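This briefing takes up a cysteine pair and a sheet in turn, with the points grouped by topic. Please read it alongside the sequence and the coordinates shown here.

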Amino acid sequence: PPSGVSLWAQPPGGQVALGDRLVLSCAVATGTGPRSFSWHREGSGAPLGTGPHLELPHVGDNDSGHYRCRVSDGDSVAESDPLNVTVL
């Protein structure tokens, strides 16, 4: 099963100026086979995207919050720690 899911942001620390670009990246330390990624923001129902990267080309006021990456291999699911994104 996937484990050791880590999440990082560009710009570092998840502090991004209003209107700028934010890229979140997700990596898995262990686990083999096909994996699916999904992105979630606290308080938002539907996944924000799939794939190992989530790009927000023009960050808005409502994009701040806690983001998580979820990784599934079909049988089990692992989640990253939340990353707090702050829009400046």
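Both Cys26 and Cys69 are buried, and in this predicted model a disulfide joins Cys26 to Cys69, with a distance of 2.0 Å from S to S. The notes below begin with that link and then turn to the sheet that contains strand β3, in which Cys26 lies.

**The disulfide**

- With sulfur atoms within 2.5 Å taken as the criterion, the count comes to 1 disulfide.
- The link of Cys26 and Cys69 is left-handed, with an angle of -85° about the S-S bond.
- Distant parts of the chain are linked by this pair, since Cys26 sits in strand β3 whereas Cys69 sits in strand β7 (residues 65-72), and the two cysteines are 43 residues apart.

**The sheet**

- An open sheet of 3 strands, paired in antiparallel fashion, follows the order β1-β3-β6.
- Because β1 (3-10) and β6 (53-56) each have a single partner strand, they stand at the edges of the sheet, and one side of each is left without a neighbour there.
- On average, neighbouring strands of this sheet are turned by 15° against each other, when direction is ignored.

**The pairing of β3 and β6**

- Strand β3, which covers residues 22-30, runs antiparallel to β6 and is joined to it by 4 bridges.
- Ser25 has His53, a residue of β6, as its bridge partner.
- As a general point, strands of a sheet pair through backbone hydrogen bonds, in either a parallel or an antiparallel manner.

Methods: Residues are numbered from 1 along each chain as its sequence is written. This is a predicted model: local features need pLDDT of at least 70, side-chain atom pairs count only at pLDDT 80 or more; totals for chains, interfaces and linings use all residues. Side-chain values use heavy atoms; hydrogens and water are left out. Two strands pair if DSSP finds at least two bridges between them. Axes are lines fitted to C-alpha atoms, for helices over the stretch in contact, and angles run from 0 to 180 degrees between N-to-C directions. Buried means under 20% relative accessible area, exposed over 50%, partly exposed in between (1.4 Å probe, protein chains only).
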